[in-house]
Amino acid sequence: MVEVVSSLERDGRPVFRDLRWGVYVVLEASNDYAAACFRQYGMKTDASGRYAAMYKPYHLIGLELGISVLSAALRGEPTGQPHAFRGDVAAVAKRDLREGEMLDGEGGYTVWGRAIPASASSKIGALPIGLAHRVAMRQDVAKGAVVRWTDVVLNSEDAQTASAIEFRRAMEAAYGRG
(Lines give C-alpha, C1' and ligand atoms only; values in the text may rest on other atoms or scores of the structure.)
Protein backbone atom coordinates (compact mmCIF):
# COMPACT_ATOMS: atom_id res chain seq x y z
CA MET A 1 0.00 0.00 0.00
CA VAL A 2 1.19 3.49 -0.78
CA GLU A 3 -0.31 6.52 0.88
CA VAL A 4 0.23 9.78 -0.93
CA VAL A 5 -1.31 12.85 0.61
CA SER A 6 -1.57 16.44 -0.51
CA SER A 7 -3.39 19.15 1.35
CA LEU A 8 -3.69 21.36 -1.74
CA GLU A 9 -5.40 21.02 -5.11
CA ARG A 10 -3.21 21.80 -8.15
CA ASP A 11 -4.73 25.31 -8.30
CA GLY A 12 -3.74 25.97 -4.66
CA ARG A 13 -7.17 25.47 -3.03
CA PRO A 14 -7.22 23.33 0.13
CA VAL A 15 -8.34 19.73 -0.40
CA PHE A 16 -11.69 19.18 1.34
CA ARG A 17 -11.18 16.91 4.37
CA ASP A 18 -7.66 15.96 3.29
CA LEU A 19 -6.10 12.84 4.80
CA ARG A 20 -3.11 14.48 6.43
CA TRP A 21 -5.04 14.84 9.70
CA GLY A 22 -6.75 11.48 9.47
CA VAL A 23 -5.93 7.82 9.28
CA TYR A 24 -7.35 4.89 7.41
CA VAL A 25 -6.96 1.15 7.38
CA VAL A 26 -7.71 -1.45 4.72
CA LEU A 27 -9.28 -4.66 6.03
CA GLU A 28 -9.48 -8.06 4.37
CA ALA A 29 -12.46 -10.27 5.20
CA SER A 30 -11.07 -13.53 6.54
CA ASN A 31 -14.30 -15.38 5.73
CA ASP A 32 -17.72 -14.98 4.10
CA TYR A 33 -19.31 -13.84 7.37
CA ALA A 34 -16.90 -10.91 7.65
CA ALA A 35 -17.50 -9.97 3.98
CA ALA A 36 -21.26 -10.05 4.64
CA CYS A 37 -20.74 -7.75 7.63
CA PHE A 38 -18.87 -5.28 5.41
CA ARG A 39 -21.95 -5.12 3.14
CA GLN A 40 -24.46 -4.97 6.00
CA TYR A 41 -22.61 -2.13 7.73
CA GLY A 42 -22.36 -0.16 4.50
CA MET A 43 -18.57 -0.17 4.36
CA LYS A 44 -16.82 0.89 1.18
CA THR A 45 -15.34 -2.22 -0.45
CA ASP A 46 -13.61 -3.24 -3.63
CA ALA A 47 -15.59 -5.06 -6.34
CA SER A 48 -15.03 -8.45 -4.68
CA GLY A 49 -16.42 -7.29 -1.33
CA ARG A 50 -13.40 -8.89 0.41
CA TYR A 51 -11.52 -5.64 1.10
CA ALA A 52 -12.95 -2.64 2.94
CA ALA A 53 -11.51 0.71 3.94
CA MET A 54 -12.20 2.56 7.17
CA TYR A 55 -11.28 6.21 7.67
CA LYS A 56 -11.45 8.60 10.59
CA PRO A 57 -10.89 12.33 9.96
CA TYR A 58 -8.52 12.82 12.89
CA HIS A 59 -5.19 11.34 13.92
CA LEU A 60 -4.40 11.13 17.61
CA ILE A 61 -0.69 10.63 17.02
CA GLY A 62 0.26 11.55 20.57
CA LEU A 63 -1.84 8.68 21.83
CA GLU A 64 -1.52 6.20 18.96
CA LEU A 65 2.24 6.47 18.38
CA GLY A 66 3.04 5.41 21.95
CA ILE A 67 0.95 2.28 21.57
CA SER A 68 2.71 1.37 18.31
CA VAL A 69 6.18 1.95 19.77
CA LEU A 70 5.43 -0.05 22.91
CA SER A 71 3.83 -2.88 20.93
CA ALA A 72 6.95 -3.14 18.78
CA ALA A 73 9.51 -2.66 21.54
CA LEU A 74 7.98 -4.59 24.42
CA ARG A 75 5.95 -7.29 22.70
CA GLY A 76 7.91 -7.64 19.46
CA GLU A 77 4.72 -6.99 17.46
CA PRO A 78 5.24 -5.07 14.23
CA THR A 79 2.56 -2.45 13.72
CA GLY A 80 3.18 -2.16 9.99
CA GLN A 81 5.63 -3.85 7.68
CA PRO A 82 6.08 -4.50 3.97
CA HIS A 83 6.06 -8.06 2.67
CA ALA A 84 7.64 -7.21 -0.66
CA PHE A 85 8.88 -4.27 -2.74
CA ARG A 86 5.76 -3.74 -4.84
CA GLY A 87 5.32 0.00 -5.08
CA ASP A 88 7.53 3.04 -5.29
CA VAL A 89 7.09 6.80 -5.50
CA ALA A 90 9.23 8.19 -8.29
CA ALA A 91 10.29 11.81 -8.68
CA VAL A 92 8.69 13.42 -11.76
CA ALA A 93 9.72 16.78 -13.24
CA LYS A 94 7.11 19.50 -12.63
CA ARG A 95 8.73 21.58 -15.36
CA ASP A 96 11.73 21.30 -17.65
CA LEU A 97 14.74 20.76 -15.41
CA ARG A 98 18.21 21.90 -16.44
CA GLU A 99 21.68 20.53 -15.76
CA GLY A 100 23.09 21.97 -12.51
CA GLU A 101 19.67 22.88 -11.07
CA MET A 102 18.96 21.70 -7.51
CA LEU A 103 15.89 19.58 -6.76
CA ASP A 104 13.76 20.61 -3.79
CA GLY A 105 11.79 17.40 -3.13
CA GLU A 106 8.11 16.81 -2.57
CA GLY A 107 6.09 19.94 -1.96
CA GLY A 108 8.67 22.02 -3.83
CA TYR A 109 8.78 23.56 -7.27
CA THR A 110 10.88 21.05 -9.19
CA VAL A 111 9.40 17.54 -8.71
CA TRP A 112 6.30 15.69 -7.58
CA GLY A 113 5.83 12.04 -6.66
CA ARG A 114 4.15 9.43 -8.85
CA ALA A 115 3.23 6.04 -7.39
CA ILE A 116 4.38 3.32 -9.78
CA PRO A 117 4.96 -0.44 -9.54
CA ALA A 118 8.37 -1.24 -8.06
CA SER A 119 9.16 -3.37 -11.10
CA ALA A 120 8.70 -0.33 -13.38
CA SER A 121 10.70 1.91 -11.03
CA SER A 122 13.56 -0.57 -10.93
CA LYS A 123 13.51 -1.12 -14.68
CA ILE A 124 13.92 2.59 -15.47
CA GLY A 125 16.08 3.42 -12.44
CA ALA A 126 13.62 5.98 -11.06
CA LEU A 127 14.85 8.32 -8.34
CA PRO A 128 12.66 7.92 -5.23
CA ILE A 129 10.90 11.18 -4.33
CA GLY A 130 12.31 10.92 -0.81
CA LEU A 131 15.84 11.25 -2.22
CA ALA A 132 15.03 14.21 -4.48
CA HIS A 133 16.08 16.83 -1.90
CA ARG A 134 19.17 19.00 -2.39
CA VAL A 135 20.51 17.00 -5.32
CA ALA A 136 21.80 18.61 -8.52
CA MET A 137 20.67 17.67 -11.99
CA ARG A 138 23.43 15.94 -13.98
CA GLN A 139 21.51 16.46 -17.24
CA ASP A 140 18.31 18.05 -18.54
CA VAL A 141 14.98 16.30 -17.90
CA ALA A 142 11.76 17.31 -19.64
CA LYS A 143 8.58 18.29 -17.81
CA GLY A 144 6.52 15.17 -16.96
CA ALA A 145 9.46 12.76 -17.25
CA VAL A 146 10.53 10.51 -14.40
CA VAL A 147 13.83 11.65 -12.90
CA ARG A 148 16.30 8.74 -12.78
CA TRP A 149 19.21 7.99 -10.47
CA THR A 150 21.51 8.69 -13.43
CA ASP A 151 19.95 12.15 -13.98
CA VAL A 152 21.22 13.50 -10.64
CA VAL A 153 24.44 13.94 -8.67
CA LEU A 154 23.74 12.48 -5.25
CA ASN A 155 25.15 14.37 -2.28
CA SER A 156 27.07 11.63 -0.49
CA GLU A 157 28.92 14.30 1.56
CA ASP A 158 25.80 14.80 3.68
CA ALA A 159 25.72 11.96 6.26
CA GLN A 160 21.91 11.87 6.40
CA THR A 161 21.60 11.64 2.61
CA ALA A 162 24.35 9.02 2.40
CA SER A 163 22.58 6.98 5.07
CA ALA A 164 19.26 7.22 3.21
CA ILE A 165 20.90 6.13 -0.05
CA GLU A 166 22.60 3.21 1.71
CA PHE A 167 19.29 2.18 3.30
CA ARG A 168 17.48 2.39 -0.05
CA ARG A 169 20.13 0.24 -1.75
CA ALA A 170 19.89 -2.31 1.10
CA MET A 171 16.10 -2.37 0.73
CA GLU A 172 16.41 -2.97 -3.02
CA ALA A 173 18.90 -5.79 -2.37
CA ALA A 174 16.70 -7.39 0.32
CA TYR A 175 13.41 -7.17 -1.57
CA GLY A 176 14.72 -7.41 -5.09
CA ARG A 177 14.53 -4.71 -7.71
CA GLY A 178 10.83 -5.21 -8.45
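Which residues have the most contacts inside the largest nonpolar core? Here are some notes to read alongside this predicted model, starting with that question.

1. **The nonpolar core.** The largest nonpolar core has 17 residues, and those with the most contacts inside it are L97, L103, V111, L127 and V147. Two elements, β4 (87-93) and β7, each give two or more residues to this core. Of the elements, β4 gives the most, with three residues. As general background, nonpolar side chains tend to be buried together in soluble globular proteins.

2. **V147, from the inside.** If you would like one residue from which to look around the core, V147 is a good place to click, as it is among those with the most contacts there. Leaving out neighbours within four places in sequence, V147 is in contact with A91, V92 and A93, and also with L97, L103, V111, A126 and L127. The list of V147 contacts is completed by M137, V141 and V152.

3. **The sheet β5-β7-β8.** Three strands make an open sheet in the order β5-β7-β8, and their pairing is antiparallel. Its edge strands are β5 (102-104) and β8 (152-153), each of which pairs on one side only. Strand β7 (residues 133-137) is joined to β8 by two bridges, with the strands running antiparallel. For a pair to look up, take M137, whose bridge partner in β8 is V152. Both M137 and V152 also appear among the contacts of V147.

4. **Two residues of β7.** H133 lies in strand β7. Is H133 buried or exposed? Neither label fits: H133 counts as partly exposed because its relative accessibility is 26%, between the 20% limit for buried and the 50% limit for exposed. Beyond four places in sequence, H133 touches L103, D104, G105 and E106. Of these, E106 is 27 residues from H133 in sequence, with 8.0 Å between their C-alpha atoms. R134 is also found in strand β7, and this residue deserves a look at its backbone: R134 has a positive phi of about 55° although it is not a glycine.

5. **D151, a buried acid.** The loop between β7 and β8 holds D151. The relative accessible area of D151 is 2%, so this residue is buried. What does the side chain of D151 meet in a polar contact? The partner is the side chain of Q139, at 2.5 Å. Apart from residues up to four places away in sequence, D151 touches A136, M137, R138, Q139, V141 and V146.

6. **S121 in helix α3.** S121 belongs to helix α3 (residues 118-124). Like any residue under the 20% limit, S121 counts as buried because its relative accessible area is 2%. Setting aside residues up to four places away in sequence, S121 touches D88, I116, A126 and R168. One of these, A126, is also in contact with V147.

7. **The sheet β1-β3-β2.** Another open sheet of three strands has the order β1-β3-β2, again with antiparallel pairing. Why is one side of β1 (23-28) and of β2 left without a neighbour in the sheet? These two strands stand at the edges and each has a single partner strand, so one side of each stays unpaired within the sheet. Six bridges link β1 and β3 in the antiparallel sense. V25 stands opposite M54 in β3.

8. **D46 and its loop.** D46 lies in the loop between β2 (44-45) and β3 (51-56). With a relative accessible area of 33%, D46 is partly exposed. Its side chain is joined to that of S48 by a polar contact of 3.0 Å. A polar atom of the D46 side chain also lies 3.4 Å from the backbone nitrogen of R50. For a sense of scale, D46 and A162 are 116 residues apart in sequence and 40 Å apart in space, C-alpha to C-alpha.

9. **Aromatic rings and charges.** How many aromatic pairs are found in the whole structure? The search finds zero. Two tryptophan rings do have an arginine over them, though. R10 lies over the face of W112, at 5.4 Å from the ring centre. The charged end of R169 sits over the ring of W149, 3.9 Å from the centre of that ring.

Terms used:
Residues numbered from 1 in each chain as written. Predicted model: local features only at pLDDT ≥ 70, side-chain atom pairs only at ≥ 80, totals over all residues. Heavy atoms only, no water. Pairing = 2+ DSSP bridges. Helix = DSSP H or I, 4+ residues; strand = E, 2+ residues; numbered from the N terminus. Phe/Tyr/Trp six-rings, centres within 6.5 Å; stacked < 30°, edge-to-face > 60°. Lys NZ or Arg CZ within 6 Å of the ring centre and 35° of its normal. Buried < 20%, exposed > 50% of the residue type's maximum accessible area, 1.4 Å probe, protein only. Contact = heavy atoms within 4.5 Å. Polar contact = N/O pair within 3.5 Å; in protein donor to acceptor, adjacent residues only side chain to side chain. Core = buried A, V, L, I, M, F, W, Y, C linked by side-chain atoms within 4.5 Å.
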